[in-house]
Amino acid sequence: MVDPMKKFVLFFSFPVLALACGALWNWFHPSGLWSHQPKVPTDGFPRVTWAEAAPRVKSDEWLLIDARTEEEYKVAHIPGSLSLPSGSFPEMITFSLEGQSRAKTAVIYCDTTECDRSVELARRLRAEVNWADVRILEGGMLAWRRSQP
């Protein structure tokens with residue numbers, strides 16, 4: 001007959017070990033354990049990674065636009081980005097982009113890939129301002145934060 005204490009330890013050791021492995025995976029893996037959430041459709045706007053965008057933004061070849069609210073922008077934003085909330089009035093969009101070359105690539109971001117505000121603003125830039133090259137930052141603000149040392 002098996003000792004009750006041994007039975008108890010064997011019964012609970014597997015779930016505890018599985019939870020520990022999952023927690024370690026989530027802690028060390030950059031995308032985490034539950035990162036395979038559905039992405040918002042991009043409506044044909046290409047996605048770019050921060051690694052692709054960073055040198056071009058730094059060299060002023062690409063324009064980085066934050067589609068989040070002004071309050072979110074004030075709390076934290078990617079340095080060098082322009083705040084242009086996706087719900088802005090058409091006049092505000094035109095005013096905010098005044099002096100910006102339409103030949104630049106506009107890279108739009110919000111919180112994460114699951115956030116739809118960047119796609120909404122991309123649609124508006126193409127429709128209302130006739131911006132030719134509009135892209136979405138893959139992973140948004142979260143991807144930028146994870147790339148920082």
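Modeller: A salt bridge here is a side-chain nitrogen of Lys or Arg within 4 Å of a carboxyl oxygen of Asp or Glu. This is a predicted model, where local features need pLDDT of at least 70 and side-chain atom pairs count only at pLDDT 80 or more, while totals for chains, interfaces and linings use all residues. Residues are numbered from 1 along each chain as its sequence is written, and side-chain values use heavy atoms, with hydrogens and water left out.

Colleague: How do the elements of the protein run from the N terminus on?

Modeller: Helices (H or I, at least four residues) and strands (E, at least two) are DSSP runs, numbered from the N terminus. There are 6 helices and 5 strands. Reading from the N terminus, the order is α-β-α-β-α-β-α-β-α-β-α.

Colleague: How many salt bridges does a search of the whole structure find?

Modeller: Arg68 pairs with Asp66, with closest N and O atoms 2.8 Å apart, and Arg135 does so with Asp133 at 3.1 Å. Salt bridges with shared partners also join Asp66, Arg68, Glu72, Asp111 and Arg117 into one network. Over the whole structure, the search turns up 9.

Colleague: Arg47 and Glu138 form a salt bridge, so how many residues apart in sequence are the parts that it ties together?

Modeller: The closest N and O atoms of that pair are 3.7 Å apart. Arg47 sits in strand β1 and Glu138 in the loop between β5 and α6, so the parts tied together are separated in sequence by 91 residues.

Colleague: Are Arg68 and Asp66 buried or exposed?

Modeller: Buried means under 20% relative accessible area, exposed over 50%, and partly exposed in between (1.4 Å probe, protein chains only). Arg47, at 23%, is partly exposed, and so is Arg135, at 22%. Arg68 and Asp66, though, are both buried.

Colleague: Which element gives the largest share of the largest nonpolar core?

Modeller: A nonpolar core is a set of buried Ala, Val, Leu, Ile, Met, Phe, Trp, Tyr and Cys residues joined through side-chain atoms within 4.5 Å. The largest one has 17 residues, and Ile65, Leu97, Ile108, Leu121, Leu125 and Trp131 touch the most other members. At least two residues each come from β2, β4, α5 (117-129) and β5. The largest share, 5 residues, is supplied by α5.

Colleague: How many residues are in the other core?

Modeller: Leu125 touches Ile65, Leu97, Ile108 and Trp131, among others, not counting residues up to four places away in sequence (contact means heavy atoms within 4.5 Å). Apart from the largest core lies another, with Val48, Val57, Tyr109 and Met141 among its members, and its residue count is 12.

Colleague: What do the buried residues of α2 pack against?

Modeller: In helix α2 (residues 50-58), the buried residues are Trp50, Ala53 and Val57. Seen down the axis, they fall within an arc of 65° (taken from the directions from the helix axis to the C-beta atoms), so they line one face of the helix. They pack against β1 (47-48), β2 (62-66), β5 (134-137) and α6 (140-147).

Colleague: And which are the buried residues of α6?

Modeller: Their cover includes α2, β4 (105-109) and β5. The buried residues of α6 are Gly140, Met141 and Trp144.

Colleague: With what relative accessible area is Phe11 exposed?

Modeller: Phe11 is found in helix α1 (residues 4-28). Its relative accessible area is 58%.
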